[in-house]
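Reader: Could you take me through one part of this model with some care, looking at how its charged side chains pair up and how the surrounding segments are arranged? I would prefer one connected account to a list.

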Amino acid sequence: MSIQQIVEQALQDGYLTPAMEAEVGRICDTASELSIEEYMALDKLMGSLLTGEVVAVQRKQFINVMEELVLTEVIARVAEIKVTSGHSLDVGDIAAYALNRLPPLYATTEEGANYQRQRAKEELAALIVQQIDEAIARSLDRPEFFPERQALGKSSGGQEVVKQVSMLLQAYAPNFEQQIS
């Protein structure tokens, strides 16, 4: 979507969603120079936001308490294994394996997060330990099938992920012609 299309959609709906905001930001970050039409559309959007004609939808702030609990336990266990056996394990792989087998515990407030932590300690502690044990066992027993694999990079805007996906597509679809829109 272009900036003009996003602004028109926001004016029509009366709302600027986080996805729309992110797309405008991405366009502005990647464009070397914006056109006069794009500047005019952004000016129109700003005026509409200031007058209340368009309302920016707030991003909901939430956390998955299960991620916090699992990551804390995995870090402690991996450090212990490294000291006692010398094995170096991937914290991210182990945490992801366990988290994919555990229920999420989302919270939007500190009180909610405290409730979820307490609930996890009372009801899910054994399951958490079981899943982490299984993840560690699988990690220790796994041969190096794909030593060339790379972890997803951490970058702002997800450009590294896009580059990695693009490289995968080029490797698996070398005759694909990229269409410029």
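**Salt bridges and helix packing**

Author: The side chains of R117 and E110 come together in a salt bridge, with N and O 3.5 Å apart, in what is a predicted model. The two partners differ in their surroundings, because R117, at a relative accessible area of 18%, is buried, whereas E110, at 48%, is partly exposed. The pair does not stand by itself, since E68 joins E110 and R117 in a network of salt bridges.

Helix 6, which covers residues 110-141, contains a further pair, R119 and E123, which lie four residues apart, or about one turn of the helix. Their closest N and O atoms are 3.5 Å apart, and the two form a salt bridge. R119 has a relative accessible area of 27% and is therefore partly exposed, while E123 reaches 55% and so counts as exposed, the cut-off for exposed being over 50%.

A salt bridge also connects D133 with R77, at 2.3 Å from N to O. D133 belongs to helix 6 and R77 to helix 4, so this pair ties together parts that are 56 residues apart in sequence. D133 itself counts as partly exposed because its relative accessibility is 34%. In the structure as a whole there are eight salt bridges, and those described here are among them.

The packing of the helices gives these contacts their setting. Helix 4, made up of residues 65-85, and helix 6 have axes that come within 9 Å and cross at roughly 40°, which makes helix 4 oblique to helix 6. The crossing between helix 4 and helix 6 is right-handed. Helix 4 also packs against helix 5, at an angle of about 135° and with the axes 9 Å apart, and these two helices are therefore oblique to each other as well. For helix 4 and helix 5, too, the crossing is right-handed.

Between helix 4 and helix 5, the latter spanning 91-99, runs a loop that includes S88. With a relative accessibility of 59%, S88 counts as exposed, and its C-alpha atom is separated by 9.2 Å from that of L140, although their positions lie 52 residues apart along the chain when counted from one to the other.

To place this part within the protein, one may add that there are seven helices and four strands, and that 25% of the 181 residues count as buried.

Methods:
Residues numbered from 1 in each chain as written. Predicted model: local features only at pLDDT ≥ 70, side-chain atom pairs only at ≥ 80, totals over all residues. Heavy atoms only, no water. Axes fitted to C-alpha atoms, helices over the stretch in contact; angles between N-to-C directions. Parallel < 35°, antiparallel > 145°, perpendicular 65-115°, else oblique. Left-handed = near helix turned anticlockwise from the far one by under 90°. Buried < 20%, exposed > 50% of the residue type's maximum accessible area, 1.4 Å probe, protein only. Salt bridge = Lys/Arg side-chain N within 4 Å of Asp/Glu carboxyl O.
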